[in-house]
Every structure is written in structure tokens, then in C-alpha cells.
Amino acid sequence: MHMIDPILATYNLKKSFGALTATDDVSIALFPGEIHAIIGPNGAGKSTLISQICGGIQPDSGRVELLGHNITQTNVSMRARAGIGRTFQVSALAMEDTVLQNVLLGALGGSGTPWHFFRPALKDWRLRDKAMTALIHVGLQAHAATRASELSHGQRRQLEVAVTLTLEPKVFVMDEPMAGLGAEGSKNLTELLDNLREKAPILLVEHDMDAVFKLADRISVLVYGHIIATGTVDEIRSSKVVREAYLGDGV
């Protein structure tokens, strides 16, 4: 068992919509430096779980903790400021702006500066420095002056990571980052996420099992709102319960 405290944890989260139990007593923990993947069939409750972690949905019972603090009652923006960096489910890029402007916008959001101060902020060297550092980290520094609309799908994913990086999150919560990416894009993003765990641990919801098996230190399997197993890649691969419920025999 871990002797270290988790950075992010849920305890006995329950959420029902009428007769449907979307999360049924879900407890998961994310430890420093790790990638913890959540997998499961469509309709398993993954999105509902992520929304409860990020503040979009209040659980009926149970709690969410970040760095040991109970954040269950806080809203989405409070959680973002506290250090939950959510990416990918909805792309929030400003398509007409350049790559650098998008990252500066992200850094501004983190600094609490109102929008009408945006123009002078473009000249603020500390923010520019922070933004360029984030772009270098994701490998987009050569595209700083490119409009976001001209980027490939995969590059937009990289840009979203850069935007989140400027907020210096304590954890990354990633909702299907590989969705819609071709082989090349998936490969690039897998490498990026692999290195990203040094910055902050990643809670990863993903359907791409190749990416999950490459990246995850631990995997939790969610089926009908219930976690049926948590373990290493090898443990999950060889679990009879998991195979019957989700993975099938092809794994």
C-alpha cells in the first residue's frame, strides 16, 4: 500500500439520476508522479465521475479531496484555481488567435486578470515567458505565431496541454485525449503525456487501450458506475473479472 498521501482522491462517491446509478460508491486515488487510467464501456459512468471530480456535478454522497482538502462543495472555477487542470473533453481554444495568444489567455485566466487588460498583457514578459516555456514543453514553440485554426487535430491537443500547463495544475484530469487522433497524433500525444507526469499526476479517461497500456501505472475499471478492479496493467490484463465485464478475450 502507498505510504504517501494521494494528490487527488474520491471517497465513496455516489450519484443517481432517477433509477440510474451513475457512480456507485467510487473511491479512487491519484498519487504523485503517476498516470491512473479509468477505463470502461460507454455508459459506464466515466463522464459523470469526471464531472464530480471537476465540480460540474455534485455527488449525492461521498467526497472529493485535493491535497487532503475536501473540495466537494466547491465549483468548477474554484477547483481549477485550486489546481485541477482539466483538458480535452471540450476544446476551449480561440481558433482565430495564434498559438501564443491562446497560451497567454490561459496564463491570464490563471492570474485572475480581467479580459480588458489582455492587450497590455501580451507585452508582459513574465506571462510571455511562462507561455513560451509551456509551448516548448509540448513541442509547439515553432508554431507560436500560427493561428490555432491552422493546426492539425493533434497539434491542437498539444496546445490544450500547453494552456493547462500555464495554470501550474496539481493534477491533470484528461477526458479521452486520444479521441479522433490518427496513429501519428496518438504517438506524439502519448509521448507528451508520458513526460507530463513529472509536472503533475494524470487521471486519464481513455478508450484507446494501446495508449492506456503504454501510459498507465494503475488502471481502474468502471462498469455500470461501479469500480470492479484497480491494479497495474498486468493485473488488469490478466483479470478474469475484467475480461468478462469489459476487455473481452482479445487483450
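Biologist: Which residue in strand 5 does Glu-65 stand opposite?
Modeller: This is a predicted model: local features need pLDDT of at least 70, side-chain atom pairs count only at pLDDT 80 or more, and totals for chains, interfaces and linings use all residues. Residues are numbered from 1 along each chain as its sequence is written, and side-chain values use heavy atoms, leaving out hydrogens and water. Strands are DSSP runs of E (at least two residues), numbered from the N terminus; helices are runs of H or I, at least four residues. Opposite Glu-65 in strand 5 stands Asn-70.

Biologist: How many bridges join strand 4 to strand 5?
Modeller: Two strands pair if DSSP finds at least two bridges between them. Strand 4 and strand 5 (residues 69-70) run antiparallel. The number of bridges joining them is 2.

Biologist: Which residue in the turn of that hairpin has a positive phi?
Modeller: Strand 4 and strand 5 form the hairpin, with 2 residues between them. One turn residue has a phi of about 50°: Leu-67.

Biologist: What is the strand order in the open sheet of 4 strands?
Modeller: The pairing is antiparallel. Strand 2 and strand 5 are the edge strands, each pairing on one side only. Strand 1 and strand 4 (residues 61-66) are joined by 5 bridges. The order is 2-1-4-5.

Biologist: Which residue in strand 4 is the bridge partner of Tyr-11?
Modeller: That partner also lies over the face of Tyr-11, at 4.2 Å from the ring centre. A charge sits over a ring if NZ of Lys or CZ of Arg is within 6 Å of the ring centre and within 35 degrees of the ring normal. The bridge partner is Arg-63.

Biologist: What ring does the charged end of Arg-237 sit over?
Modeller: The charged end is 4.2 Å from the ring centre. The ring belongs to Phe-213.

Biologist: What volume does the largest cavity have?
Modeller: A cavity is a set of points on a 1 Å grid over the protein atoms alone, where a 1.4 Å probe fits but cannot get out; lining residues have an atom within 4 Å of a point. Points are joined across faces, edges and corners, and volume is the space filled by probe spheres set on them. The count comes to 1 cavity of 30 Å³ or more. The largest has a volume of about 30 Å³.

Biologist: Which elements give two or more residues to its lining?
Modeller: The lining residues include Leu-8, Thr-10, Ile-28 and Leu-203. Leu-8 has Leu-66 as its bridge partner in strand 4. The elements are strand 1 (8-17) and strand 2 (20-30).

Biologist: Why is one side of strand 6 and of strand 10 left without a neighbour in the sheet?
Modeller: The open sheet of 6 strands has the order 6-7-8-3-9-10, with mixed pairing. Strand 10 (226-231) pairs with strand 9 (residues 218-223) in the antiparallel sense over 5 bridges, and Leu-222 stands opposite Ile-227. Strand 6 (84-87) and strand 10 stand at the edges, so each has a single partner strand.

Technical notes. On a 1 Å grid over the protein atoms alone, a cavity is a set of points where a 1.4 Å probe fits but cannot get out, and a pocket is an open set with protein on both sides within 12 Å along at least five of seven lines; lining residues have an atom within 4 Å of a point.
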